[in-house]
Amino acid sequence: MGRVTERRRTLRIRDGAVSSRPDTLVAEEPLEIRLNGRPLAITMRTPGDDFALAAGFLASEGVIAEKDEVQSIVYCAGATSEGVNTYNVVDVKLAPGVPVPDITLERNVYTTSSCGLCGKASLDAVRTTTRHPVADAPPVRITPELLSALPDRLRASQRVFDRTGGLHAAALFSEEGELLDVREDVGRHNAVDKLVGRALTDGRLPLSRAVLLVSGRASFELAQKAVMAGIPVLAAVSAPSSLAVDLAAETGLTLVGFLRGPSMNVYAGEHRIALEAATSRG
């Protein structure tokens with residue numbers, strides 16, 4: 001199993017003073033995901049939670065949606081020509097009767113023979129393929145005060161970030177603000193896949209009463225993953241993309257960006273934000 005961090009020699013220059021010392025860096029290694037023995041995708045990730053990462057990736061791509069649809073996830077023995085197990089190749093075997101998609105899956109890419117990747121095709125693909133549509137009833141209600149406290153709670157749980165300064169994080173919170181799970185990875189999409197994959201293998205999908213918080217921006221890809229897992233609220237400390245906002249509006253996802261202290265922007269799904277005590281300012 002690869003290590004989460006590695007040590008490298010670095011030359012430090014501070015106010016003209018030069019010194020040499022080791023530095024702790026986040027590890028980054030490729031992970032090949034195979035489906036029923038066939039190569040499917042390769043992602044650069046921080047080693048750890050690889051089985052959850054694979055399961056979450058397949059869930060976000062619409063291949064699986066339930067725990068029972070996975071028969072096994074294993075590291076591939078003899079992953080190299082010399083027969084060495086690198087722990088960088090995992091094979092997901094679907095349960096009998098679960099259809100194997102006859103398509104090439106690429107992260108955040110939905111293609112058709114007519115137009116390839118386009119905004120409309122991407123939105124339609126997520127809306128029609130998710131088996132866990134955003135359907136919280138009654139709707140989750142989150143106050144701005146509760147949302148504003150979540151980034152500090154996430155930051156306090158980033159153990160590897162404290163040692164390296166080089167990891168993204170994603171966390172699941174309850175609607176009362178309780179931290180349910182947190183994952184770190186060199187890729188923000190991997191951190192979310194690890195969360196979703198762990199929830200899937202624990203039989204907790206859909207996450208219809210959860211809030212997903214990510215440490216960076218809210219891309220279309222992250223909004224896609226939230227929708228595929230049935231998560232009703234996605235919050236990010238940075239900006240969303242235009243397509244992420246379009247997807248949120250299309251699917252009923254609440255999308256919050258620039259969540260910094262008491263300030264935030266709500267781009268879609270504002271009915272879940274409890275504003276009774278807030279004063280609207282133009």
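Trainee: Let's start with a single residue: in which strand is S174 found?

Mentor: S174 is found in strand β7, which spans residues 168–174. Keep in mind that we are looking at a predicted model.

Trainee: Is S174 buried or exposed?

Mentor: To call a residue buried, we ask for a relative accessible area under 20%. S174 has a value of 8%, so it is buried. Setting aside neighbours within four places in sequence, its contacts are L180, R209 and V211.

Trainee: Thanks! Zooming out, how many helices and strands are there in the protein?

Mentor: The protein has 7 helices and 12 strands. Of its 282 residues, 48% count as buried. The accessible surface comes to about 13,600 Å², and carbon and sulfur atoms own 51% of that. Another useful number concerns contacts with a separation of 6 or more: 52% of these join residues 24 or more positions apart.

Trainee: Now the sheets. What is the general idea behind strand pairing?

Mentor: Strands of a sheet pair through backbone hydrogen bonds, and they do so either parallel or antiparallel. Here, one open sheet has 4 strands in the order β4-β3-β6-β5, and its pairing is mixed. At the edges are β4 (38–45) and β5 (70–75), each pairing on one side only. On average, neighbouring strands of this sheet are turned by 20° against each other, direction ignored.

Trainee: In what sense do β3 and β6 pair?

Mentor: β3 (residues 29–35) and β6 (residues 89–94) pair in the parallel sense, over 4 bridges. To find the register on screen, look for L35, which stands opposite V92 in β6.

Trainee: And how many bridges join β3 to β4?

Mentor: There are 7 bridges between β3 and β4, and these strands run antiparallel. P30 stands opposite M44 in β4. The two strands form a hairpin with 2 residues between them, and N36 in the turn has a positive phi of about 50°.

Trainee: Which strands does helix α1 lie across?

Mentor: Helix α1 (residues 50–60) lies across β3, β4, β5 and β6, and runs at about 115° to β4. Just after α1 comes G62, with a positive phi near 80°.

Trainee: Why is α1 described as largely enclosed by the rest of the structure?

Mentor: For helices in general, there are 3.6 residues a turn, so residues three or four places apart point the same way. In α1, 10 of the 11 residues are buried, so the helix is largely enclosed by the rest of the structure. Among those buried residues are L53, F57 and L58. Their cover includes β3, β4, β5 and β6, along with α5 (188–201) and α6 (220–228).

Trainee: You mentioned α5 and α6. What describes two packed helices?

Mentor: The angle between their axes and the distance between the axes. The axes of α5 and α6 come within 10 Å and cross at roughly 5°. Angles under 35 degrees count as roughly parallel, and α5 and α6 are therefore roughly parallel to each other.

Trainee: Which residues of α5 and α6 meet?

Mentor: From α5, R188, H189, V192 and D193 meet E221, L222 and K225 of α6. By character, the residues of this contact divide into 2 nonpolar, 1 polar and 4 charged.

Key: Residues numbered from 1 in each chain as written. Predicted model: local features only at pLDDT ≥ 70, side-chain atom pairs only at ≥ 80, totals over all residues. Heavy atoms only, no water. Buried < 20%, exposed > 50% of the residue type's maximum accessible area, 1.4 Å probe, protein only. Contact = heavy atoms within 4.5 Å. Areas by Shrake-Rupley, 256 points an atom, 1.4 Å probe, with all protein chains shown as cover. Pairing = 2+ DSSP bridges. Axes fitted to C-alpha atoms, helices over the stretch in contact; angles between N-to-C directions. Parallel < 35°, antiparallel > 145°, perpendicular 65-115°, else oblique. Nonpolar A, V, L, I, M, F, W, Y, C, P; charged D, E, K, R; others polar.
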